[in-house]
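Subject: Structure handover and findings

Hello,

Here is the structure I promised to pass on. Please open it alongside this email, and read the notes below with it on screen.

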Amino acid sequence: MDDENAQIEIAETVDALGLLCPLPVLRARKRLQALAPGAVLRLLASDPAAVIDVPHFCNQSGHAFLGCEELDGHQAYLIRKAL
């Protein structure tokens with residue numbers, strides 16, 4: 001994630017650490033349904049496949065993939081819900 005994303009307000013965080021494909025994306029999808037359009041979801045995932053799955057999910061569902069940040073043994077993905 002770049003400096004532009006550092007100013008983004010996170011509406012919700014989903015902890016999918018330890019879950020394997022497709023569970024991180026399914027948890028994100030379920031939580032996004034309850035958020036307002038334009039809200040940003042932060043997804044924490046440790047599944048190596050999430051690096052491919054999360055951007056693909058965003059592309060297929062119309063949500064904006066804002067980026068990924070490597071943290072201590074996992075990643076944090078930012079997803080903006082489609083308007």
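Start with Cys58. This residue counts as buried, because its relative accessibility is 1%, and the cut-off for buried is under 20%. Please keep in mind that the model is predicted. Cys58 sits in helix α3. Leaving aside residues up to four places away in sequence, Cys58 touches His63, Ala64, Phe65 and Ile79. Gln7 is a different matter. Its C-alpha atom is separated from that of Cys58 by 21 Å. Along the chain, Cys58 and Gln7 are 51 residues apart.

**Asp53**

Stay in helix α3, which covers residues 50-61 and also holds Asp53. Asp53 has a relative accessible area of 21%, so it is partly exposed. What does Asp53 touch, not counting residues up to four places away in sequence? The contacts are Cys21 and Val25. For Val25 there is a backbone distance too: the C-alpha atoms of Asp53 and Val25 are separated by 7.0 Å. Those two residues are 28 apart along the chain.

**Asp47**

Now step back to the loop between β2 (40-45) and α3, where Asp47 is found. Asp47 is buried, yet it has no salt bridge. Which side chain of opposite charge is nearest to Asp47? It is Arg27, 12 Å away. Asp47 does have contacts beyond its sequence neighbours. Not counting residues up to four places away, it touches Leu19, Leu20, Cys21, Pro24 and Gln75. Cys21 is thus listed as a contact of Asp47, and it is listed as a contact of Asp53 as well.

**The salt bridge**

Side chains of opposite charge can pair when their charged atoms come close. How many salt bridges does a search of the whole structure find? The count is 1. The pair links distant parts of the chain, with Glu12 in strand β1 (residues 12-16) and Arg31 in helix α2 (residues 23-34). Glu12 and Arg31 are 19 residues apart. Their closest N and O atoms are 2.9 Å apart. Are the partners buried or partly exposed? Glu12 is partly exposed, because its relative accessible area is 25%. Arg31 is partly exposed too, with a value of 27%.

Charge across the protein comes next. There are 7 positive and 11 negative side chains. The centres of the two sets lie 13 Å apart.

**The whole protein**

The secondary structure comes to 3 helices and 4 strands. Read along the sequence, the pattern is α-β-α-β-α-β-β. What about overall size? The C-alpha trace spans about 30 × 25 × 20 Å along its principal axes. The radius of gyration is 11 Å, which agrees with the value near 12 Å for a compact globule, because the protein has 83 residues.

Of those 83 residues, 37% count as buried. The protein exposes about 4900 Å². Carbon and sulfur atoms supply 52% of that area. Finally, take the contacts between residues at least 6 apart in sequence: 68% of them join residues at least 24 apart.

**Where to look on screen**

Three stops cover the residue notes. Go to Cys58 in helix α3. Then view Asp47 in its loop, with Arg27 12 Å away. End at the salt bridge between Glu12 and Arg31.

Best wishes

Conventions
Residues are numbered from 1 along each chain as its sequence is written. This is a predicted model: local features need pLDDT of at least 70, side-chain atom pairs count only at pLDDT 80 or more; totals for chains, interfaces and linings use all residues. Side-chain values use heavy atoms; hydrogens and water are left out. Helices (H or I, at least four residues) and strands (E, at least two) are DSSP runs, numbered from the N terminus. The radius of gyration is taken over C-alpha atoms; the globule rule is 2.2 Å times the number of residues to the power 0.38. Buried means under 20% relative accessible area, exposed over 50%, partly exposed in between (1.4 Å probe, protein chains only). Contact means heavy atoms within 4.5 Å. Accessible areas come from the Shrake-Rupley method with a 1.4 Å probe; for residues, only the protein chains shown count as cover. Lys and Arg count as positive and Asp and Glu as negative; His and the chain ends are not counted. The place of a charge is taken as NZ of Lys, CZ of Arg, CG of Asp or CD of Glu. A salt bridge is a side-chain nitrogen of Lys or Arg within 4 Å of a carboxyl oxygen of Asp or Glu.
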